[in-house]
Structures are given as structure tokens and as C-alpha cells.
Amino acid sequence: MKNPIHYTKYGGLVGIGISLMFMLTVEGLSLTPATFLTYTIFGLVAGLFIAFFYTSTRMTLCRFAVYNKHLLLRIIHSYLVCTLAFSLVASIMTFTPWSFFPSLEFALNTSMGVGIIGAMVCFAFEYLAIKDERLLLEQENRELAVIEERNRLARELHDSVSQNLFGISLNLNTLELIFQDQPERAQALIKQVKEMVSEAQTEMRLMIYELQPAILQEKGFFEALETLCELFHTRYNIKIAPLFSGDETKVDTRTQLALYRVIQEALHNIVKHARATKAQVMLTIHDTGKVFAKIVDNGRGFDEKQTKKNEHFGLAGMRERISALNGDFRLNSVIGEGTSITVQIPK
Ligand SMILES: Nc1ncnc2c1ncn2[C@@H]1O[C@H](COP(=O)(O)OP(=O)(O)OP(=O)(O)O)[C@@H](O)[C@H]1O
Ligand SMILES: [Mg+2]
């Protein structure tokens, strides 16, 4: 709802417009500078009075929901206010020497015409205001969608390509140390780095098109997760026990993608930070479609309160992904004992 001042500032102008129209129809060619001035001043006074009367009553009526809800009520209000306010000013005018109304009856009849014009002006303003509000809402929605899309892209980049880059740099560091003394192991590492680079390229290409990890498109959900666990085992030499049960077709692709990324990031955190020797990935899909997932490690654990929010994106991304599915994300970490992440997603 617009500020009442918004309407008041147009009052005088509308009044002048109406009175000039009136003047031309009544006076026609016999118009003199004196009558022109009289009509203009009368129009200004009547317009401001109508606007004042209208805005002050509108301020009171706006407190009632029914008034705000029904456009017809607002138009009737505007008709009544314009008719009453104009008839008051016009009646006073008929008793002055400058009156251009032939009679009081004529002045009152004119008021009804002014009321109709007032109702029409009100309708035009309301229409414009509704259009403005709709445009503003659409713009806000568009901006929100852009922000969401940016966050999604950032999460996807973090969970796919940047993880591969981390693995590549880790392998290159090891290569630097061993390539002279252990040429065979170095050869194996080079092979791994090549695989990672090609994986990152595939991920990037696919992400540009569909923002889905390549493997989830090629294989089934459980198979993709098993491959992920195997990859972590071969690349980072950590024992991972996968335990999946239920019917994977009960989970839609959006949920599959979120779970895949959460498990992938949890495993990445384990190799990056936990110094764990063992990890377990559990996933249960209930007949109802409800999903339960748990990723546990026996590493050094950490205190989540100590992690700086703006520097780490992995955990925040996991939370965002799960909350976007109305799911529940819990992290429990005990220093010296390990970390567990539990996720529950309703049907
Ligand atoms: N399983 C884990 N064991 C021990 N510490 C962990 C584990 N998972 C997370 N952390 C700690 O929590 C911090 C935040 O993790 P998060 O994944 O949000 O960021 P990150 O891994 O440091 O960086 P990135 O943004 O690349 O993921 C880590 O820096 C680490 O200290
Ligand atoms: Mg991380």
C-alpha cells in the first residue's frame, strides 16, 4: 500500500484538471482571464481538499483487512469521498460572488460527476500500484534465483573439480619426493594423476551441461557410491566399508546427487583432515523412500566451533544440500575418537 502523501500530491493537479475541463464545457468561448483564474483556484482548493479528505479516511480504513482486500470497496470509498468533498466546496462556492455554478442543485449534480472521475482515478492508481508490486516481486524472485544458482555452482565446483585438484596436488607432492628412488611407484602415481585430470575434465564438461557427476549418470546410485569408496581406498589408502541397503530407485536424482556429494565431501574431509585408518559409509533407503546415511571415521576428531566459517565451504555445502531437501544433517565429532555425520531425508 502506497503512502497517503503519494495521493495528496496529485490532488491539486487533478482538481485543476477537472475544473479546467468544467470551465471549457460551461464557459466555452466566453472565457475571460478572471473566470480562468476563478476556475483554477477553485480546482486547486477542491482538489487539495478532496485529496486531504481522501488520504485521511484512507489511512483509517487501511487498518481493516477487508478494505485492503477488495478493490471495489476502495473504489466506492473514493467515489463517496470525491462526491462529498466536492459538493461541500462547491456548495460554499455558490454563496460567494465568484460562483460559476448557476444553482446549488447544479453544484451538487456536478459533484456526482467528480465522484465518478475520482473513482476512475483511484482505479488507475490501484492498477498501477498492483502492477508495480508484481514487477518488484518478479525482480526479487529473479535475483533470488540467481543467488541460489550461484551457490549451487559454487557447491558443485567445490565438491567436484576442486576435490580432484586437491588429489592431483597431493600426488604431485609425493611424486616430487619419490620419482628418482621409486620409479615404479612414481609411474603408478603419474597414472593416477592422469586419471584425476581426465576425471576433472569430464566433471567440468558435464557440470557445464547438467551439473551432475559423470559417474551418477553412467552407473546406478549404489554402484556409483561403491566406485567412489573404492577410489578413495586406492588413492588415499584408507579402508572404507560401504554398507548400502534398500531400493535405490525410490530416491529421485536430486536426492541422489545431494547424497553423493555429501558422502564425497565427507570422505574428502576424512583424507584431508582426519588422519583416520578406517571409515564407514552406511546408506539405508526405506520402503517409504525415506533415506538414512551415516559416514564415520576413527580419526582425530575436531571441534566444529573452532572452524572459521568463511574459510571452509565443505561442511556448509553439505548442510545446504540437505536442508534444501528438508532433511536433517548432524555432525558429531569427538577429539581423539573420530567424526560421524548423520543425514536423514524424508520422502
Ligand atoms: N572428518 C574430519 N576429521 C577431522 N576434522 C575434520 C573432519 N571434517 C572436517 N574437519 C575439520 O572441519 C573443517 C571444516 O571442514 P570443511 O569441509 O568445511 O572445510 P575444508 O575441508 O577445510 O575446506 P573445503 O572448503 O575445501 O572443504 C576442516 O578444516 C577440518 O579442520
Ligand atoms: Mg572439506
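Reader: What makes Glu265 and Asn269 the protein donors of the magnesium ion (ligand 2)?

Author: In this predicted model, Glu265 (OE) and Asn269 (OD1) lie 2.1 Å from the magnesium ion, and donors are N, O and S atoms within 2.8 Å of the metal (3.2 Å for Na, K and Ca), with water not among the atoms, so sites may look incomplete; both oxygens therefore count as donors. Residues are numbered from 1 along each chain as its sequence is written, ligands are numbered from 1 in the order in which they are written, local features need pLDDT of at least 70, and side-chain values use heavy atoms.

Reader: Why are Glu265 and Asn269 separated by about one helical turn?

Author: They are four residues apart in helix 10 (residues 253-274), which is why about one helical turn separates them; a helix here is a DSSP run of H or I with at least four residues, and a strand a run of E with at least two, numbered from the N terminus.

Reader: How do you know that strand 1 and strand 2 pair?

Author: Two strands pair if DSSP finds at least two bridges between them, and strand 1 (residues 239-245) and strand 2 (residues 278-285) have seven, in the parallel sense. Phe244 stands opposite Leu283 in strand 2.

Reader: What is Leu283 in contact with, leaving aside its neighbours within four places in sequence?

Author: Contact means heavy atoms within 4.5 Å, and the residues that Leu283 touches in this way include Phe221, Leu243, Phe244 and Val291.

How values were computed
Predicted model: local features only at pLDDT ≥ 70, side-chain atom pairs only at ≥ 80, totals over all residues.
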